[in-house]
Amino acid sequence: MEEEELFAEVILPLPLRGTFTYRVSPDMIDAVSTGCRVEVQFGRNKIYSGLVRTLSNRSRSDIKIKSLLDVIDSEPIIGEEHFQFWEWMADYYACSVGEVMAAALPGALKLNSKTTLVRGFAFEEDNQDDLTDEAWLIREALMQKDEIGLDEARAIASRKNINKHLEQLIYKGIVELKEELIEKFKPSTEKHFVLTDEYLKDPQMALEATRNSEPQTNVVLALYQKKGESVARKSLLLRPEIKEHALKALEKKGIVTSFDKEVSRLSDQTNRFETSPVLSAIQLEAKSAIQEHWKEGRTVLLQGVTGSGKTVIYTKLIEEVLKEGQQVLYLLPEIGLTRQIISRMESTLNHQVHVYHSRENQNKRVEVWKAARDGAGLVIGARSSLFLPFKSLGLIIVDEEHDPSFKQQNPSPRYNARDAAVFLGHLTGAKVLLGTATPSLESFFNVRKGKYGHFRIDERFGAATLPEIALVDIKKLREEKKMKGPFSPHLLEGIEDALRQNKQVILFQNRRGYAPSIQCGNCSWTQQCHQCDVSLTLHKRLREMKCHYCNFSTALPEECPACGSTRLEVIGFGTEKIEEELELLLPDVNTARLDYDSTRTKKSLEKILYDFETGRVDVLIGTQMITKGLDFENVSLVGIINADQLLKFPDFRSAERAFQLLVQVGGRAGRGKNPGRVLIQTSNPGHPILKDVLDFNYKSFYFRELHERGKYHYPPFYRNFKLEIGHKDINVVWKAAGIIRDKLREKFNHRILGPAEPMVPRVKSYFLLEFMFKLEKDASLISNAKKYTIALLDHIKTKDPFKSLRVKLDIDPM
C-alpha cells in the first residue's frame, strides 16, 4: 500500500495573506512538527525561514508543490495559543499573519536570502571549540571580509541549509545580522570579588595563607561572611581595613577571583524601602481590591497620582505570582525606563529579571525568547515582548497604559500593545493590570461600563506631596516686553531659587532641534525639504538643516537663495535653543538635553539619566521622553516652556494628550520629602484643559472630552479606521482616491470621511491622502468594513496606473 504524503502549511514573514503549502519529504516526516521553523524556497531563488502552522495529508492539485528544504528546530518554538494570538492580531488589525510573524520573531530566527552577515561583538573571543565545521568556515570567511551574504555563506559551507550553523554563530555573538545591527551598547560594569571554591570550603586554609598580611586576612574574612556571594570592589574599598594591593595579591595567589558584573548606571531607586517594601494602608487596600476584581475575571485599571507608589504594588503582586510558579510580563512604553525598573525589581525580588526590547542585541533577544518558552519568571520589555512564547503566563502589567508609544505605527501590524495585552490575558488566562496617573479615555470608559475593575490612589507615597501648579501668562509678558527668549521672569526666578537650594529642575519643550525653521527677514523665504512638504529644522550644533520626516539634511545656508540677503532669522524654540539660552542667562548652570537627538544609543540615554540622578546636571531639558515615569527625588521645579503647542495640535486626541503630558511632566516635581512646583507658560491661561491640570481634576476633563467624542463620532463611542494612500504622482493618488471614495461611500455612506490631505501632505516624495472611517460598535459592520476595504485595495492595485500605489490601513489610529 502506497504511503500517504504529508504536506505542511507554512507561514512566511511576508505581507501576503494565508499560508503556503509545501511537501514534506519522507526523511523529514519524523522531524517536522507544528510550530517549528522550516527552510523553504519561495519564488525562483529566495530562501526563507517559515513556521509550520498545520500538517495534513491533503494537498492542492491546482499548483506545483515544492518540498521543504530543511527542518530547523528539533521542537516547536511557537505553541497553539500563540498562533491564535497572531491570528487574532492579523484579523483585528487588518494585516497578514506573515506580517505578525515578522514583528514577533527576533531577527536571528527569521533569516532570508537578503540577510548580510557581519562580525559580532564576540568575534575575537576564544569561543570556537564547539563550532560545527560549517560554522567555523563561515567565521574564517569573515576574517577575510567585512561582510558576506547568506547565499555566499551557503557556498562557503558547501551546504544549502545552514540555519542551524548560523544560529550557533549568532548565539555566541560571533556573527550579527547587518539588517538589524544597532549601535553597540557597552554595559556599565563594576568589578566583583569572591572566594574561590577551594578556600570557601576551607577558610582556615585561606587564613593560614594570609597570616603574614593583615590587609589580606581582612579581605578573606569579609568575603567569607558573604557565603559565596560576590562583593563589589568599591564596596570592599569603602572599609578602611581593606586595601587595593591586598585584593590584587589575593587574586594572584588564586585565593579570590574577580569578574565584571553588569550594573545600572542609575542608582538603586528603592533605597527608601526595606529589601521587601512595606505597603501603606492605601496601597494594601489597592492590592486587595485588584485581587478581588481579578477573581471576577476582569482587567483592572490602577489609577494613582504620580509618585503614589504604583510600582511598589506591582512588585508585591509580581512576587505572589512568581511564588505560584507562573510568569509575569511587565510592559513599559519607553526603553529608557527598563534599567530603572530592573534596579527596583532586582532589589526587592529574589528572581532573575529578563529584558526584551529592540536595543538589545540579537543573541540576547533569542536568549530571552528561549527563556520565556522555558518558563522564565519575569520579563520586562517594550511592546514587542508581547510576542514572547510564554509557557505559563500568570500576570501582565501595562505601566503608563495611556502612552501613545504602545501603538505601533510602522510597519504593520499597527497594534496597540495595551489592547493586545488585554486579549492575550483573556486567551492565556493571565491577569491583566493597567496602571497610570492619567488613564486613556478608552480605559476609563471601560471602567464606567463595568468592563474593567478600578482602584484610585489620590495621595503620594510616604512624606511626598503633590506639587503646586501655577500658570504664567506669556502673552501678557510679551506685550510688556518682559520675556527673555523663551523664559518668563517667573520661570527664571524659580530656576535660580531651586539651584540656590541645591535642587534640580526639569524643563519640558516638546520640540527637538534648535528651531523649527529659519526665515529670510527680507523676503520671508523658508527652507523646505525637497522630499516632504515641511520646513527643515535647524540643528545649530551640527550646522545643518534637517527634515524630521525623511532625515534629509543640508548645510545651514549663509544667505537667502531667493534674494541673497544674509538676514536669516530663527523662528521658534527647540530643546537645543532652550539649552543655549539658559546657559547664556545662567552661565554657571550645568544642563543636559533628553530628546531623540541626544539619546540615539542606550549608552547615551543612560549617561544623561545617570548624570542627572547623581547631581552632575542641574537642569534637564527634554521632550516627552521626560514624562515617562522617571523618578528623581531632588527635582523641586518643573517648567513647561509652551503648553500652547500641545493644545493646538490638529487631532481629535490633542486635548487628551495635552492633559496627560502636562500632568505627567508636572508629576516629576516634588517626589522626595520637599514639595515641588510646576510652572506652565501659556498664552491662554483660561483654557479648560489647563484649569483641570491645575486642579488635578481628571473627572472634569473626562466628562467634557467624552461629550465631544460622542458628538463627533470618535472613540470610545465609535470605532475609527484611517486609510492612507500615497503615490509619487499627485494625479494618480487623486484618481485612486476618487475611485476608493465612490466605492466606500456606496457601501458605508456617511461613515466615510475624505479624501483629505493630512497635516503633512507629501512625505519621502509620496503625495498622501487620507480617509477616516467612523463606525458604530457593531461587530458585523466592523468586520465587513475591513474585508471590503482590503479587497477593494487589492483589486485597485492590480490595475494601471495604481500598481505602485502605497496603502496603509490603520485600525484604532492614535
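**Strands, burial and salt bridges in a predicted model**

Me: What makes β13 and β16 a parallel pair?
Reply: In this predicted model, five bridges join β13 to β16, and the two strands run parallel. Pairing requires at least two bridges between two strands, so five bridges satisfy the criterion. One bridge partner of this pair can be named: Leu-329 is matched with Ile-396 in β16.

Me: How do you know that β16 also pairs with β17?
Reply: Strand β16 (residues 393-399) is joined to strand β17 (residues 431-436) by five bridges, again with parallel direction. Since at least two bridges are needed, β16 and β17 count as paired. Ile-396 stands opposite Val-432 in β17, and Ile-397 stands opposite Leu-433 in β17.

Me: Which strands form the open sheet, and in what order?
Reply: Seven strands form the open sheet, in the order β14-β15-β13-β16-β17-β12-β18, with parallel pairing.

Me: Why are β14 and β18 called edges of the sheet?
Reply: Each of β14 (353-356) and β18 (453-457) has a single partner strand, so one side of each is left without a neighbour in the sheet. The average twist from one strand to the next is 20°.

Me: What makes β16 a largely enclosed strand?
Reply: Seven of the seven residues of β16 are buried, so the rest of the structure largely encloses this strand. Buried here stands for a relative accessible area under 20%.

Me: Which helix lies across β16, and how is it oriented?
Reply: Helix α15 (residues 417-428) lies across β13 (327-331), β16 and β17, at about 165° to β16.

Me: Why is the contact between Asp-419 and Arg-418 called a salt bridge?
Reply: The closest N and O atoms of Asp-419 and Arg-418 are 3.0 Å apart. The cut-off is 4 Å, and therefore the pair qualifies.

Me: Are Asp-419 and Arg-418 buried or partly exposed, and how do you know?
Reply: Arg-418 has a relative accessible area of 5%, which is under 20%, so Arg-418 is buried. Asp-419, at 22%, falls between 20% and 50% and is therefore partly exposed.

Me: What makes Glu-208 and Arg-211 a salt bridge, and how accessible are the two residues?
Reply: Their side chains meet at 2.5 Å, N to O, which is within 4 Å and therefore meets the criterion. Glu-208 has a relative accessibility of 43% and counts as partly exposed. Arg-211, at 57%, is over 50% and is therefore exposed.

Me: Why does the contact between Asp-812 and Arg-719 count as a salt bridge, and where in the chain are the partners?
Reply: The closest N and O atoms of Asp-812 and Arg-719 are 2.9 Å apart, within 4 Å, so the criterion is met. The pair links distant parts of the chain: Asp-812 is in the segment after β34 (806-811) and Arg-719 is in strand β30 (residues 719-727), 93 residues apart. Both Asp-812 and Arg-719 are buried.

Me: Which residues form one salt-bridge network, and what makes it a network?
Reply: Salt bridges that share partners join Glu-442, Arg-653, Glu-656, Glu-705 and Arg-709. The structure holds 44 salt bridges.

Me: How do you know that Tyr-549 is accessible enough to belong to a nonpolar surface patch?
Reply: Tyr-549 has a relative accessible area of 40% and is partly exposed. Patch residues need over 30%, so Tyr-549 passes this test. Together with Phe-649 and Met-759, Tyr-549 makes a nonpolar patch of about 320 Å². Tyr-549 is placed in the loop between β23 (544-546) and β24 (553-555).

Definitions and conventions: Residues are numbered from 1 along each chain as its sequence is written. This is a predicted model: local features need pLDDT of at least 70, side-chain atom pairs count only at pLDDT 80 or more; totals for chains, interfaces and linings use all residues. Side-chain values use heavy atoms; hydrogens and water are left out. Helices (H or I, at least four residues) and strands (E, at least two) are DSSP runs, numbered from the N terminus. Axes are lines fitted to C-alpha atoms, for helices over the stretch in contact, and angles run from 0 to 180 degrees between N-to-C directions. Contact means heavy atoms within 4.5 Å. Patches are made of residues with over 30% relative accessible area and no salt bridge: like charges are joined within 9 Å, nonpolar side chains (Val, Leu, Ile, Met, Phe, Trp, Tyr) within 5 Å. Accessible areas come from the Shrake-Rupley method with a 1.4 Å probe; for residues, only the protein chains shown count as cover. Buried means under 20% relative accessible area, exposed over 50%, partly exposed in between (1.4 Å probe, protein chains only).
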